[in-house]
Amino acid sequence: MLGIDPAAQSERDNYKLLIGSIIPRPIAFVSTLSAQGVLNAAPFSYFTIVTADPPMVAVSVQRKQGVRKDTSRNAVDTGEFVVHIADESYIDQINQTAAALPPEESEVELTGLTPVASSHVAVPGIAEASIRMECVLEQVIPLGGTPDAPAADLLIGRVVYFHINDNLVDNGRIDPQQLRPVSRLAGNSYAKIGELFEIDRPI
């Protein structure tokens with residue numbers, strides 16, 4: 001096997017190995033509100049479950065030269081955000097929100113997505129999403145980089161309310177075929193759910 005010391009190569013080279021190896025990655029489409037009331041939305045594929053007791057999710061938002069992106073800054077300032085699951089029905093619009101807009105411009109308006117009021121947080125959700133999770137910021141952890149210029153903010157959100165389309169739920173479980181989630185690979189590549197199979201877990 002090829003052996004590689006991450007300390008002996010660049011951040012971009014390590015990035016390529018990580019995003020090409022850790023696949024597929026679910027996509028969190030995150031909406032936040034700025035202090036000026038601008039609705040921001042952006043996709044993140046550094047995204048996972050933290051715990052179910054209480055329900056928490058984590059999204060890692062990379063910084064630019066140590067400066068927080070709109071999503072991190074807004075989440076920290078307001079203490080709230082909404083996580084949407086990316087699916088085939090609106091993935092093109094999600095991709096468009098990755099454009100680098102100034103803080104005073106809304107990606108939601110740019111892409112024609114539909115804001116919808118949340119139940120437990122002030123941040124609106126996106127109506128096109130089949131699943132959205134209203135979150136309060138449990139913790140933010142600056143990581144990587146240097147103490148003066150961290151590389152990322154790990155946002156840990158406690159889910160205070162779920163919104164799920166009726167047709168997705170069967171006996172309390174989400175039907176992945178109905179959800180049609182989209183995952184991130186490397187470069188410009190994405191993946192659909194593909195073939196499903198089952199393996200019994202050992203007792």
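Which residues does Asp 70 touch, not counting residues up to four places away in sequence? Asp 70 touches Thr 32, Asn 40, Leu 101, Pro 102 and Pro 103, where contact means heavy atoms within 4.5 Å.

This structure is a predicted model, in which local features need pLDDT of at least 70 and side-chain atom pairs count only at pLDDT 80 or more, while totals for chains, interfaces and linings use all residues. Residues are numbered from 1 along each chain as its sequence is written, and side-chain values use heavy atoms, with hydrogens and water left out.

**The protein as a whole**

The secondary structure comprises five helices and 14 strands. Helices (H or I, at least four residues) and strands (E, at least two) are DSSP runs, numbered from the N terminus. The radius of gyration is 18 Å, which agrees with the value near 17 Å for a compact globule of 203 residues; this quantity is taken over C-alpha atoms, and the globule rule is 2.2 Å times the number of residues to the power 0.38. Of the 203 residues, 37% count as buried. Buried means under 20% relative accessible area, exposed over 50%, and partly exposed in between (1.4 Å probe, protein chains only). Among contacts between residues at least 6 apart in sequence, 61% join residues at least 24 apart.

**Asp 70 and the salt bridges**

Asp 70 lies in helix α2, residues 70-78, and is buried, with a relative accessible area of 14%. Its C-alpha atom is separated by 7.8 Å from that of Ser 34, although the two residues are 36 apart along the chain.

Side chains of opposite charge can pair when their charged atoms come close. A salt bridge is a side-chain nitrogen of Lys or Arg within 4 Å of a carboxyl oxygen of Asp or Glu. By this rule the count comes to seven, including the three pairs below.

| Pair | Distance, N to O |
|---|---|
| Glu 11 and Arg 12 | 2.8 Å |
| Arg 73 and Asp 70 | 2.6 Å |
| Glu 88 and Lys 192 | 3.7 Å |

Arg 73 and Asp 70 are separated by about one helical turn, because they are three residues apart in helix α2. Arg 73 is partly exposed, at 29% relative accessible area. Glu 88 and Lys 192 also meet in a salt bridge. Glu 88 lies in the loop between β6 and α3 (91-96) and Lys 192 in the segment after β14, so the pair ties together parts that are 104 residues apart in sequence. Glu 88 is partly exposed at 25%, whereas Lys 192 is exposed at 60%. Arg 63, Arg 68 and Asp 153 are linked in a network of salt bridges.

**Paired strands**

Two strands pair if DSSP finds at least two bridges between them. Strand β9 (residues 131-143) runs antiparallel to strand β6 (residues 80-85), with five bridges joining them; Val 82 has Glu 134 in β9 as its bridge partner. With strand β10 (residues 152-164), β9 pairs in the antiparallel sense over 12 bridges. Here Pro 142 stands opposite Asp 153 in β10, and Asp 153 also belongs to the salt-bridge network.

An open sheet of three strands has the order β1-β13-β14, with antiparallel pairing. Its edge strands are β1 (25-26) and β14 (190-191), each of which pairs on one side only. Strand β13 (residues 183-184) and β14 pair over two bridges, and Arg 184 stands opposite Tyr 190 in β14.
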